[in-house]
Amino acid sequence: MAREECKALLDALNKATACYHHLVLTVGGSADSQNLREELYKTRQKAQELAVATGARLTTALRDRGLGAEERAEFERLWVAFSGCLDLLEADMRRALALGTAFPLHAPRRPLVRTGVAGGAAGVAARALSARSLRQEAECGFDVDDLQELEREILQVGEMIHNMEMKVNVPRWTVQARQVAGAELLSSAGASSTGFVSIEERTGPCDLNKALAATVFSAVLLAAVALAVCVAKLS
């Protein structure tokens, strides 16, 4: 049950982090607005709540000395995925801070960049947050206060990552994947209706066809040269 719960929390964290990454990319563009900044705030808060819950569950599981070897290996894989997700979240938070500082909403110092992205992103955020709608209006200084809070939250996420490494020692390079690289591609190819055809099976007919085409081309070329020589002699 603990492993399934950790997987569910990690899956929700991945979705919230991906949603936040998508929203950050629109800051400073033609779709930037007060509503977007609020969506960024709410999505960021949701991601941090999920990160705290996931980290607590994984820390408790990995510090259990009675955990079996197979279970521990699975939790370590979840831990590595969770650590990578936190790194991406922190990087996107820093990007949001830089873009939000460069492109303030209510006192713009430079025109917003037209990135070609148009329309609102409320649908993406609503799916990640399971919310019906987001507020459309806010106070004039919301973006300024939000940037100050974002700075504090970046430090909190960095401290969370540090505390994780201190509580649980799971080097990423020691964790082994359950499948070899590209195994999912081979399995999907094997499940197709045409089946998997090896390279050796395909090279035979392909090379024979190429040789036949080259022979025909050579014969036509020789006939053309001979015909040209005969025409030259007759003339």
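A salt bridge here is a side-chain nitrogen of Lys or Arg within 4 Å of a carboxyl oxygen of Asp or Glu. One such pair joins arginine 3 to glutamate 71, with 3.5 Å between the closest N and O atoms. This pair ties together distant parts of the chain, since arginine 3 sits in helix 1 and glutamate 71 in helix 3, 68 residues apart. Helices (H or I, at least four residues) and strands (E, at least two) are DSSP runs, numbered from the N terminus. Both partners are partly exposed: arginine 3 has a relative accessible area of 26%, and glutamate 71 has one of 30%. For these labels, buried means under 20% relative accessible area, exposed over 50%, and partly exposed in between (1.4 Å probe, protein chains only).

The model is predicted, so local features need pLDDT of at least 70 and side-chain atom pairs count only at pLDDT 80 or more, while totals for chains, interfaces and linings use all residues. Residues are numbered from 1 along each chain as its sequence is written, and side-chain values use heavy atoms, with hydrogens and water left out. The pLDDT, which is the predictor's confidence in each residue from 0 to 100, averages 77 over the protein chain, and 67% of the residues score at least 70. Over residues 131-139 it is below 50, and this stretch has 14 contacts in the model beyond near neighbours in sequence. Residues 193-203 also stay under 50, and here the model has three contacts beyond four places in sequence. Contact means heavy atoms within 4.5 Å.

As for the overall fold, the protein chain has seven helices and zero strands, giving the pattern α-α-α-α-α-α-α along the sequence. Of its 235 residues, 31% are buried. Among contacts with a separation of 6 or more, 84% are between residues 24 or more positions apart. The chain exposes about 15300 Å², of which carbon and sulfur atoms supply 59%; accessible areas come from the Shrake-Rupley method with a 1.4 Å probe, and for residues only the protein chains shown count as cover.

What lies inside? A nonpolar core is a set of buried Ala, Val, Leu, Ile, Met, Phe, Trp, Tyr and Cys residues joined through side-chain atoms within 4.5 Å. The largest one has 36 residues, and Leu13, Tyr20, Phe75 and Phe82 have the most contacts inside it. At least two residues of this core come from each of helix 1 (2-24), helix 2 (34-62), helix 3 (69-102) and helix 5 (142-167). Helix 3 gives the most, with ten residues. Leaving aside neighbours within four places in sequence, phenylalanine 82 is in contact with Leu10, Leu13, Ala51, Thr54, Gly55, Leu58 and Met164.

Arginine 44 belongs to helix 2 and counts as buried because its relative accessible area is 1%. Outside its neighbours within four places in sequence, arginine 44 is in contact with Tyr20, Met93, Asp146, Leu150 and Glu153. Glycine 100, in helix 3, is also buried, at 3% relative accessibility. Not counting residues up to four places away in sequence, glycine 100 touches Val27, Arg37 and Leu147. Its C-alpha atom is 7.4 Å from that of glycine 28, although the two are 72 residues apart along the chain.

Back to the charged pairs: the structure holds ten salt bridges. Aspartate 32 and arginine 37 meet in one of them (2.7 Å, N to O), and both residues are buried. Arginine 77 pairs with glutamate 74, their closest N and O atoms being 3.0 Å apart. These two residues both lie in helix 3, three residues apart, about one turn of the helix. Arginine 77 is partly exposed at 22% relative accessible area, whereas glutamate 74 counts as buried because its relative accessibility is 6%. Through salt bridges that share partners, Lys7, Glu74 and Arg77 are joined into one network.

On the outside, Phe217, Leu221, Val225 and Val229 make a nonpolar surface patch of about 380 Å². Patches are made of residues with over 30% relative accessible area and no salt bridge, with like charges joined within 9 Å and nonpolar side chains (Val, Leu, Ile, Met, Phe, Trp, Tyr) within 5 Å. Phenylalanine 217 is part of helix 7 (residues 199-234), and it counts as exposed because its relative accessible area is 59%.
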